[in-house]
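Here is a model to read with its definitions in hand. Each label below is set against the rule behind it.

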Amino acid sequence: MRICIVGAGYVGLTTAAALADFGHEVICVDMEESKIESLRQGKVPIYEPGLDALINKNIKNNTLFFSSQVEESIKDYPIILIAVGTPSQEDGSSNLTFINQVVEVIASTTNVYKIIITKSTVPPGTNEWIHQTLVAKGINEDLFDVVSNPEFLREGLALWDLYHPNKIVFGTKTNRPLKELKKLYVRGKAPYIFTSLTGAELIKYASNAFLATKISFANEMARICDAYDVDYADIAKGLGTDPRIGRYFLNSGLGFGGSCLPKDLSSLKHSAIRKNVETKLLDAVREVNDTQIKLYLNKLTTEVPDLTEKQITVWGVTFKPGTDDLRSSPAITLINKLLEKGCRVHTHDPMVQLELPGVHSHTDKYESVTNSDALIIATEWPQFLESDWSEVKSRMKGSIVLDARNCIDEKLVRKQGLVYLGVGKQ
Ligand SMILES: NC(=O)c1ccc[n+]([C@@H]2O[C@H](COP(=O)([O-])OP(=O)(O)OC[C@H]3O[C@@H](n4cnc5c(N)ncnc54)[C@H](O)[C@@H]3O)[C@@H](O)[C@H]2O)c1
Ligand SMILES: O=c1ccn([C@@H]2O[C@H](COP(=O)(O)OP(=O)(O)O[C@H]3O[C@H](CO)[C@@H](O)[C@H](O)[C@H]3O)[C@@H](O)[C@H]2O)c(=O)[nH]1
């Protein structure tokens, strides 16, 4: 099949590489010319394991192309897959400017039948709106089908997820595009979930809201464990053995960040309010998450009451391990709070040299702790788990290790005479 993917961001690029590898002819277009230019030369602007090699393989095989001629490509291709960003607005609702731009182009260029697939995460009612807008702009309903096909990939594991989906969701208005849609992906044993346009949109929001709920539940349980001197890891293990609960997404720590969970939670709340539906649970999930950083900072100030002029090292700045993505990273929020309190902040991250005023970034993790009063682990990169704690101790001025992802073996840290702090970790 010939597919035009609009948006060469995280989802656009990973999906383009996978679909080209599945045997389709794929063109990935973006309005950012410099991005397209470097992609044409095989330079991939994001870090995702395996993506660089896959993109270059497909470019060589002539199955994957890049272009900044957005309009021409949309006109030329029979299947349009929209993967543009849908960022949060100040009130928490989704900014649909980029979706609107693409719909405008589709409306002005469609004169033969097209399947228009929305992969971007969009609020309930958006795909219905796309359909109605095209009709209102004079495009005959015989000339298009709108499909809501949300994406569930995780950053850092994006290609694995695209090759091994656990479900494929298609929201449609009619059965007409189904035959073509079934040729799109490698499905394995994943079930198809066929639903309405709005049903598919809500499956995506419900998934991310549920994952966020699990994390906030874990964080609240860790607070209770802390108060009762119980190790939360035991609780997570106990909970996780029940298949009705499952062990995934029960790790406590600084809370959830990234480009999706916080944004989608806010957008879902906004969509509910627009229909006068109360969101007490979603509000509580957000509240717990918003107070996690304060909780860890309070833990730190029990040992270091005045943080002014203290040198604090933060290990891990990305929103989770395995990515270079800093979008809504809890580590960055933490760093900004430390700067506000007058700390001198040093950082180390295996992927990112942080460029932030007032922050000293180091490529070497041991060098980053030299003369520091405290070390905070903000992202659970595997490299941190295997640290030489005697080396850390010998370089630090102070002795506090605040494990804000509950990922370090506290016995190894304490053995070196360091003070180990965690929430729900004794
Ligand atoms: N990042 C993820 O892990 C992930 C996973 C599942 C779903 N999603 C959803 O997928 C969507 C895209 O996310 P992302 O992280 O890939 O976004 P992104 O911001 O990384 O990339 C979006 C790209 O779209 C381009 N673009 C915007 N408007 C355009 C236009 N009119 N024409 C051509 N190009 C245009 C931008 O230049 C940018 O390169 C969002 O709705 C997001 O919620 C993201
Ligand atoms: O037990 C856990 C698991 C995760 N997190 C945090 O939650 C955030 C999100 O993690 P994750 O869900 O792995 O990252 P994303 O790559 O943003 O993926 C989510 O968001 C995507 C975009 O919508 C969806 O496609 C994915 O299915 C969904 O997992 C990160 O800050 C993690 O540190 C925890 O605090 N505890």
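Q: What are the helix and strand shares of residues 313-410, and how far apart are the ends of the span?
A: The span is 29% helix and 20% strand, and its end C-alpha atoms lie 18 Å apart. Helices (H or I, at least four residues) and strands (E, at least two) are DSSP runs, numbered from the N terminus. UniProt, in an unreviewed entry, lists residues 313-410 as "domain: UDP-glucose/GDP-mannose dehydrogenase C-terminal". Such annotations may be inferred rather than shown by experiment.

Q: How should the numbering and the model be read?
A: Residues are numbered from 1 along each chain as its sequence is written, and chains are lettered from A and ligands numbered from 1 in written order. This is a predicted model: local features need pLDDT of at least 70, side-chain atom pairs count only at pLDDT 80 or more, and totals for chains, interfaces and linings use all residues.

Q: What makes a residue part of the shell around ligand 2?
A: Its C-beta atom, placed from the backbone, must lie within 6 Å of the ligand. 22 residues surround ligand 2, and Glu-155, Asn-251, Phe-256, Gly-258 and Cys-260 are the closest. Two elements, α9 (197-227) and α11 (261-274), give two or more residues each. α9 gives the most, with three.

Q: Why is α11 called roughly antiparallel to α12?
A: α11 and α12 (residues 280-290) pack at about 150°, with axes 10 Å apart. Angles over 145 degrees count as roughly antiparallel, so α11 is roughly antiparallel to α12.

Methods
Axes are lines fitted to C-alpha atoms, for helices over the stretch in contact, and angles run from 0 to 180 degrees between N-to-C directions. Angles under 35 degrees count as roughly parallel, over 145 as roughly antiparallel, 65 to 115 as roughly perpendicular and the rest as oblique.
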